[in-house]
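Colleague: I'm new to this structure and would like a guided tour, one small question at a time. Put it up on the screen and let's start with a strand.

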Amino acid sequence: MKKTAVTFKEAKAKGEKLSMLTAYDYTTAKLIDETGIDAILVGDSLGMVMLGYEDTLSVTMEDMIHHSAAVARGIRNALLITDMPFMSYQTSVYDAVVNAGRLMKEGRAQAVKLEGGLEVCDHIRAIVKASIPVCGHIGLTPQSVNALGGFKVQGKGKEAAQRILDEARALEEAGAFAIVLECVPQALAAKITESVHVPTIGIGAGSGCDGQVLVYQDMLAMYSDMAPKFAKQFAQVGSLMKEAFAAYKKEVAQGIFPAQEHTFKMDETIIDKLY
Ligand code: KIV
């Protein structure tokens with residue numbers, strides 16, 4: 001059954017846990033979708049894991065649209081959420097609505113995600129008014145890495161924890177259909193989860209959330225530039241890929257690949273007639 005922002009909200013009421021993974025291309029999206037995962041996020045993490053930037057700040061609307069449209073072609077059932085990149089919504093409510101609209105029209109997203117708390121509530125209200133579902137994102141917000149002083153756990157102290165809880169309530173009130181909680185202590189994430197009616201999707205926020213999200217390169221051990229504590233490695237795909245690439249290189253060098261079964265036949269008497 002096709003997942004939507006509405007079924008997402010219903011899942012919380014039914015007590016069903018939601019699973020979400022990132023994807024950035026057609027082939028990976030298709031593989032993930034076939035497993036029955038609830039949502040696929042075209043995260044602006046693509047700047048780091050696909051494009052090799054050291055953070056997400058250089059990601060453009062064109063990058064997001066290009067990858068979102070590719071992912072959309074690979075999905076049949078999962079809900080497709082696409083990130084609004086840095087400076088595509090912070091600048092004004094107008095920019096936020098126009099750029100959210102582009103992600104839906106050109107990127108074929110079914111919902112958008114943007115980072116921030118009280119400062120983005122007006123933007124969320126306007127986007128939701130345009131019939132575009134919005135997922136919030138609080139706690140560690142990577143687009144604010146310079147203001148936060150690095151990729152660090154957020155909300156450990158009383159004031160910071162209260163601020164994040166207040167932000168979650170404000171995002172719900174502004175119309176967000178779900179809220180990503182990134183890198184916050186487990187106890188705070190659990191408190192937020194019981195305090196709002198929309199699902200919380202955790203990443204480094206413990207098991208008390210309504211769902212979980214991971215970057216697929218992290219959970220497949222394919223990306224070695226950064227290894228977050230919360231990213232369980234479900235398979236060693238990175239080393240498997242390297243082994244396969246090395247085996248290919250060796251077989252090419254030794255003339256083992258391609259073998260007869262990988263070649264095409266013809267009437268070879270024709271060869272003798274060539275000059
Ligand atoms: O960009 C991304 O992949 C994200 C997830 C980490 C939630 O925002």
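**Strands, cores and a ligand**

Colleague: Which way do the residues of strand 6 point, and are they buried or exposed?
Modeller: Ala-178, Val-180 and Glu-182 point one way from strand 6, with Ile-179 and Leu-181 pointing the other way. Strands here are DSSP runs of E with at least two residues, helices are runs of H or I with at least four, and both are numbered from the N terminus. Buried means under 20% relative accessible area, exposed over 50%, and partly exposed in between (1.4 Å probe, protein chains only). On both sides of strand 6, all of these residues are buried.

Colleague: Before we go on, what kind of model is this, and which pLDDT do side-chain atom pairs need?
Modeller: Residues are numbered from 1 along each chain as its sequence is written, and side-chain values use heavy atoms, with hydrogens and water left out. It's a predicted model, where totals for chains, interfaces and linings use all residues, local features need pLDDT of at least 70, and side-chain atom pairs count only at pLDDT 80 or more.

Colleague: Back to strand 6 (residues 178–182): why is it largely enclosed by the rest of the structure?
Modeller: Look at how its residues are covered. Strand 6 is largely enclosed because the number of its residues that are buried is five of the five.

Colleague: Which residue of strand 7 stands opposite Ile-179?
Modeller: Strand 6 has strand 5 as a parallel partner over five bridges, with His-137 bridged to Val-180. (Two strands pair if DSSP finds at least two bridges between them.) Strand 6 also pairs with strand 7 in the parallel sense, over four bridges. There, the residue opposite Ile-179 is Thr-200.

Colleague: And which residue in strand 8 is the bridge partner of Leu-18?
Modeller: Strand 8 (residues 211–214) is parallel to strand 1 (residues 18–22) over four bridges, and to strand 7 (residues 200–203) over two. From strand 7, Ile-201 stands opposite Gly-211. The partner of Leu-18 is likewise Gly-211.

Colleague: How many residues are in the largest nonpolar core?
Modeller: A nonpolar core is a set of buried Ala, Val, Leu, Ile, Met, Phe, Trp, Tyr and Cys residues joined through side-chain atoms within 4.5 Å. In the largest one, Val-112, Ile-127 and Leu-181 have the most contacts inside it, and its total is 60 residues. Helix 8 (residues 158–174) gives the largest share of this core, seven residues. Another core lies apart from it, with 17 residues, while the largest has 60.

Colleague: Which residues of helix 6 are buried?
Modeller: Helix 6 covers residues 121–129, and what lies over its buried residues includes helix 5, strand 4, strand 5 and helix 8. Just after helix 6 comes Ser-131, with a positive phi near 65°. The buried ones are Cys-121, His-123, Ile-124, Ala-126 and Ile-127.

Colleague: How much of the ligand's accessible area does the protein cover?
Modeller: There are 13 residues around the ligand (a heavy atom within 4 Å of it), and Gly-43, Asp-44, Ser-45, Asp-83 and Lys-113 come nearest. A polar side-chain atom of Asp-44 is 3.1 Å from a ligand oxygen, and for Ser-45 the distance from a side-chain N or O atom is 2.5 Å. Of the 260 Å² that the ligand has on its own (Shrake-Rupley method, 1.4 Å probe), the protein covers 95%.

Colleague: What is the distance of the polar contact between Gln-143 and Asp-44?
Modeller: Gln-143 is in the loop between strand 5 and helix 7, and counts as buried at 5% relative accessibility. A polar contact is a pair of N or O atoms within 3.5 Å; within protein, one must be able to donate a hydrogen and the other to accept it, and residues adjacent in sequence count only if both atoms are side-chain atoms. A polar side-chain atom of Gln-143 also lies 3.1 Å from the backbone oxygen of Met-84. Between the side chains of Gln-143 and Asp-44, the distance is 2.7 Å.

Colleague: Which peptide bond is cis, with omega near 0°?
Modeller: Look in the loop between helix 11 (237–254) and helix 12 (269–272), where Pro-258 sits. The cis bond runs from Phe-257 to Pro-258.

Notes:
Contact = heavy atoms within 4.5 Å.
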